Amino acid sequence: MDTVLVTGGAGYIGSHAVLALRAAGRAVVVLDDLSTGDRNLIPADVPMIVGDVADTDRTGALLRDHRIGTVMHFAGSIIVPESVADPLKYYRNNTAASRSLIETCIKTGVGRFIFSSTAAVYGNPPTRMVTEQTPVAPVSPYGWSKLMTEQMLADVAAAHQAFRYIALRYFNVAGADPQGRAGQVTPNATHLIKLACETALGRRKVLNIFGSDYPTPDGTCIRDYIHVSDLADAHVCALNHLEKGGNSLVLNCGYGRGYSVRQVAEAVDRAAGRPLPKVEAPRRIGDPVELVADSTRLRDLLGWRPRVDDLDLIVSHALAWERR
Ligand SMILES: NC(=O)c1ccc[n+]([C@@H]2O[C@H](COP(=O)([O-])OP(=O)(O)OC[C@H]3O[C@@H](n4cnc5c(N)ncnc54)[C@H](O)[C@@H]3O)[C@@H](O)[C@H]2O)c1
Ligand SMILES: O=c1ccn([C@@H]2O[C@H](COP(=O)(O)OP(=O)(O)O[C@H]3O[C@H](CO)[C@H](O)[C@H](O)[C@H]3O)[C@@H](O)[C@H]2O)c(=O)[nH]1
């Protein structure tokens, strides 16, 4: 079996994909510039090249030398408000860097590509449940930078028969490896479950609840939180699909049910054994009211079966990681 290249493999989600690939018996090589990642998140015997995916000479040599058959492309910049303040960083490190990497794949004959996309491509969707047919309408440069990469992949796959891809649109990724081998280290992360756990451990004074007047049962926003290990498994399913000759796909990744900000905070209270300090704050600009993934296609087309679909488990794994 061919080796899999995991770009951004020293980051939060990529490191869990490395663990899932190894558990599936696959050979893996990581390419990461360590701008936000950490070498310690991946097993010591996984080869890691420190470099930028946009460095075409180095990446081309890597693809050839390691006989890479599939690229899983996690590397990128991920902070939505930062993308509003510095859009060119996102069009460089997400869109342009992905263009370079895709071109290197075409030049070296790598025919399978699995891409980390995002629910941010939907912007503020008109319906509660989001299917892959829901119109895309990003509201941030981050969302656009990812949608442009999806479009490149579709165009390149149409032009080159030997190239197939799967774009996985992640909803809210959370939790940590149940065995404590990896978790979120991303600096300046703005994610609710990470911040709530940091607050529960006294590293932050208070958890802001951004908006409590939304048209939802408890007034706070609703999201579909997917355990990072289940998401990592979805990548192994995607790899199997492409290796069996399956066609290119765009797939939502979530569980299909949502929790409110307050419900998440209460789950952190339960995991920590005491209530964390919370304060009601104004709405955060750009937040959609409710984002829940219809993940029927992921289940039906890839045979994905979640193993940790439980908010209390997600939160307890995230808290255990923060305590480490
Ligand atoms: N975390 C989420 O909730 C979420 C949601 C949707 C999509 N995504 C996507 O998933 C992917 C992984 O996100 P994450 O949460 O693991 O973030 P992360 O910051 O932990 O990981 C990104 C990794 O990529 C590396 N990197 C960044 N730019 C690089 C470059 N040019 N060349 C080589 N390496 C580079 C970083 O050092 C880091 O290890 C990203 O593409 C992100 O957009 C994440
Ligand atoms: O301290 C906080 C942090 C977040 N929230 C709220 O919690 C919900 C979830 O917020 P996150 O920042 O955890 O996640 P987002 O839904 O904003 O965005 C995440 O999911 C998106 C896809 O849906 C993108 O992929 C993006 O990269 C990723 O951060 C939102 O209503 C937000 O307002 C708070 O109330 N307080």
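This text walks through the domains, sheets and helix packing of a predicted model.

Start with the overall division. The domain assignment splits the chain into two parts, and each is built from two segments. Domain 1 takes residues 3-174 and 225-253. Domain 2 takes residues 192-224 and 256-323. The C-alpha centres of domain 1 and domain 2 are 24 Å apart. Where they touch, domain 1 supplies 30 residues and domain 2 supplies 29 residues.

Now turn to the sheets. One open sheet has 7 strands, and their pairing is parallel. Reading across, the order is β3-β2-β1-β4-β5-β7-β12. The edges are β3, at 48-50, and β12, at 249-253. Each of these edge strands pairs on one side only. From one strand to its neighbour in this sheet, the average turn is 20°, direction ignored.

Look at the β3 edge in detail. Strand β2 covers residues 28-32, and 3 bridges join β2 to β3. The two strands run parallel. Within this pairing, V30 has M48 of β3 as its bridge partner. Strands of a sheet pair through backbone hydrogen bonds, either parallel or antiparallel.

A second open sheet has 4 strands, in the order β6-β15-β10-β13. Here the pairing is mixed. Strands β6 (129-130) and β13 (259-260) stand at the edges. Each has a single partner strand, so one side of each lacks a neighbour in the sheet. At the β13 edge, 2 bridges join β13 to β10, which spans residues 222-223. Strands β10 and β13 run antiparallel. R223 is bridged to Y259 in β13.

Next come the helix pairs. Take α4 and α5 to begin. Helix α4 covers residues 87-108, and helix α5 covers residues 141-159. Their axes lie 8 Å apart and make an angle of about 15°. That angle is under 35 degrees, so α4 counts as roughly parallel to α5. The crossing of α4 and α5 is right-handed. On the α4 side, the contact includes P87, Y90, Y91, N94 and T95, then S98, R99, I102 and I106. The α5 side includes P141, Y142, W144, S145 and K146, along with M148, T149, M152, L153 and V156. By class, the α4-α5 contact holds 12 nonpolar, 5 polar and 2 charged residues.

Helices α1 and α7 meet at another angle. Helix α1 runs over residues 12-23, and helix α7 over residues 228-243. Their axes come within 8 Å and cross at roughly 60°. That makes α1 oblique to α7. The crossing of α1 and α7 is right-handed. From α1, the contact uses Y12, I13, H16, A17, A20 and L21. They meet V228, S229, L231, A232, D233, V236 and L239 of α7. The class count for α1 with α7 is 10 nonpolar, 2 polar and 1 charged.

The last pair is α6 and α10. Helix α6 spans residues 192-200, and helix α10 spans residues 311-323. Their axes cross at roughly 60° and come within 9 Å. This makes α6 oblique to α10. The crossing of α6 and α10 is right-handed. Helix α6 contributes I193, K194, C197, E198 and A200 to the contact. Helix α10 contributes L311, I314, V315, A318, L319 and E322. The α6-α10 contact has 8 nonpolar and 3 charged residues, with no polar ones.

To recap the main points: the parallel sheet has 7 strands, and the mixed sheet has 4. Helix α4 is roughly parallel to α5. Helix α1 is oblique to α7, and α6 is oblique to α10.

Technical notes
Residues numbered from 1 in each chain as written. Chains lettered and ligands numbered in written order. Predicted model: local features only at pLDDT ≥ 70, side-chain atom pairs only at ≥ 80, totals over all residues. Heavy atoms only, no water. Pairing = 2+ DSSP bridges. Axes fitted to C-alpha atoms, helices over the stretch in contact; angles between N-to-C directions. Parallel < 35°, antiparallel > 145°, perpendicular 65-115°, else oblique. Left-handed = near helix turned anticlockwise from the far one by under 90°. Contact = heavy atoms within 4.5 Å. Nonpolar A, V, L, I, M, F, W, Y, C, P; charged D, E, K, R; others polar. Domains from an automatic or database assignment.
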